[in-house]
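Take a walk through this model, from one strand pairing to an enclosed space.

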Amino acid sequence: MSKPVLRRLRWLKSTGLVLFALAAVLAALLPLTGAPGARADEDVARPPVATDPPPAPHHAAAPASAMVAAAAQLPRDGWTVVASDEETVGENGRAANVLDGNAATIWHSKWSGTATRLPHHITVDMHRTAVVSALVYLPRANSANGRIGQYTVHLSSDGTTWGAAVATGTLADDTTTKTLSFAPRGARFVRLTALTEAGNRGPWSSAAEINLLGDPGTAASVVDLPREGWTATASDQETASADNRAALALDGDPDTLWHSKWSGTPAPLPHHITIDMKSNQAVSALSYQPRRSGVNGRIGAYSIATSTDGTTFGAAVATGVWKDDDTVKGATFTRTVTARYVRLTATTEAGGRGPWSSAAELRLSGPAQPAAHGAWSALTGFPLVPVASAVLPNNKMLVWSAYGIDRFGGSNGYTQTAIWDLTTGTVSQRRVENTRHDMFCPGTAVLRDGRILVTGGSNAERASIYDPATDSWTSTTDMNTPRGYQAMTTLSTGDAFVLGGSWSGGEGNKGGEVWSAANGTWRTLSGVPATTTMTADPRGPYRADNHQWLHATSGGRVLHLGPSKQMNWISTTGNGTISAAGNRADSADAMNGNAVAYDIGKLLTLGGAPAYENTQATRRAYTVNLNGDGQPAAARTGDMAYARAFANSVVMPDGKVAVFGGQSYPMPFSDATSAMPPEIWDPATGTFTRMASMAVPRNYHSVANLLPDGRIFSGGGGLCGDCATNHADGAVFTPPYLLNADGTEKTRPVLTGGVPAQTTNGTKLAVTTDTAVASFVLVRAGAATHSTDNDQRRVPLTSRQTGTSAYEVDIPADPGVALPGTYMLFAMNAQGVPSRAKLLTIR
């Protein structure tokens, strides 16, 4: 979008209230019969609403990469558009107006006479096949009527066959530009369907402008193809003055490279390099890593073609222009092709520095196999960026951002929240004001009765509680120490413990305190300073005491196991105590990594970096075992394939741990250096396996949660205001344990009875199933924010078969093992397939 258009959009947004008021006055002056002032489409005059304050500093300014969309806007020349209906009598509301570059003209569904009922749809025909990854929707600025609420997006190659929706969701009822993302795919037609009007003001839909984004270079639901035995040849290569052979683009070493001939008389552009996979394979994407040792030869404009015989190459399956930087690039093919040879042709040098081309590494990806790599759902759009999330005992998920749906700043005393109903798929939005708490950058804990305790953040001393039973928010007593970025966990006593948090409320002196479930008050633990729990971050306490990893154990004790390399035991009785528990094996500090309890007294820590940002993350993972004598035993396990900070980890019913997103070079608000494939760690082997790639990066301000059906939600990222890296969406990952080879769901066991809504530690449950099962397991419902979810844990249960498909299941007597709170109870068959969980609360 051009700068003049952007300035026009900002002016329209800033003057929206004035235009609104003028429209209301004019409507009142018009006669009532047969005039626009009488139509149902017109707004009802109402008092102006105060505008939100501008965001205050949170980090340094968002990096330049946050202001540039990962995918370029596709040129609209030659496009046409049609709609299910349009208004042409009462106003110029033709569908064509969404492509005219003028934000003041709109498409509007038919409203004169008898208004056409919802749903309405509008379809863009690009008249060519292109890889598309998002629809950008600009609501009208001169009226609220017709803003799209619930929506679906469909793609088609012929305008007739549409298939399943590639994106669904709910949009915020405001004038901000909305980016509706989906897995990149080749298509000619893109259809936006409006299911509801955002404010339920009437049966209308409208749009000022619609744009489409192209290939972000991150193909979804693909996996890297193994390169063993592959060879590479090039149109030319440098061998006289350097070893820059084509084969070096396949050697796995990013410090070696293929380079076009540059000594003597350089070979002119274009240059091409061809990969021979030695057999026909299904291929759908290519990734390109530029050289590390310099800038010369970075590929700019490119095309990719394929062949089965190495001689005849068909039409390009991907074209584009890569940015002039050192990040790994990608190209999604317009369709999956079966080929033996893949040829990358460079037609320009990215910086125009000379007639050169180079590549450090080239990889090819093919479609993921569901039974081995899992599968992703279509993206679900939210009316805010989900920065924090909590799974509720009523099969719903709570998410929230800050005072704004896409930005933070200040201490505004209210928070944008949303509830996602996992049964119906609907999303509802609410601005929470009554607690006078901006819950951005908070501590979170799932309490023993299933309520969610949220502390500090932008309003650093405040504490609020969400009760899913009544769908209500209330205040509890303010903390003694104001905090932001603090860590929290529910204790075995049912109380909640908080530590650290120097991002907000002043730097340093963020020792521990405990919230009483009995009376809602806070007790300072003078014997638990944060000093020995901090990393050596160069920013000092402001960063060094953030996002700590806490694991509650018996007797109200807590193991602090990171992100500092030193671990600590904490007692919360009386004034509290803290004592060293040894180092986490040979781990360095690992800020913005995380830890997850995958078995009783066993935890896995993953990734992180020596400092909060702008440093290299690690691929390392460690186990921490509390079941021996004395201090916890930490050991290095297998490495992840990708270095990750700002990632999220989730324990699954089978004891494996899935990790999503993150960056190899952590930088808030940026999508650069993103790890797109999730990985699953197997405790039996200590190794990680790559899963099907995500469609959208999930880095800073993203979340992940295990859902009661055994799938995993991954979403969010960004919250940087007028930037290009806000991700107000999420998707559900189906792990391999649920899928057959053809992608259909495996037959699951079913919990048919005997699971109460509430129980207590030490109880024996008489549980029935529809078929024989091998085991039962509890997984605690978690609350995630800023890569941390201290309350999730997996608890395998002892059980005995008492009859045909009847079992006695023991709830652990020790509340340090089965922490009070909301759990998902899964039955597992002998093949490791989980049932859909029944939710119960251990009180």
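Which residue in E19 does Thr 168 stand opposite? The partner is Thr 380. This is a predicted model, where local features need pLDDT of at least 70, side-chain atom pairs count only at pLDDT 80 or more, and totals for chains, interfaces and linings use all residues. Residues are numbered from 1 along each chain as its sequence is written, and side-chain values use heavy atoms, without hydrogens or water.

Strands are DSSP runs of E, at least two residues, numbered from the N terminus. They pair if DSSP finds at least two bridges between them. E5 (residues 167-170) runs antiparallel to E4 (residues 150-156), with four bridges. There, Thr 168 is the bridge partner of Thr 152. E5 also runs parallel to E19 (residues 379-381), with three bridges.

Now the enclosed space. A cavity is a set of points on a 1 Å grid over the protein atoms alone where a 1.4 Å probe fits but cannot get out; lining residues have an atom within 4 Å of a point. Points join across faces, edges and corners, and volume is the space filled by probe spheres set on them. Seven cavities reach 30 Å³ or more. The largest has a volume of about 120 Å³. Its lining has 17 residues; Thr 444, Gln 486, Thr 785, Thr 788 and Asn 790 lie nearest the centre. Strands E24 (443-446), E28 (487-490) and E51 (783-785) each give two or more residues to that lining. E24 gives the most, four.

Definitions and conventions. 1 Å grid on protein atoms, 1.4 Å probe; cavity = no way out; pocket = protein on both sides within 12 Å on 5 of 7 lines; lining within 4 Å.
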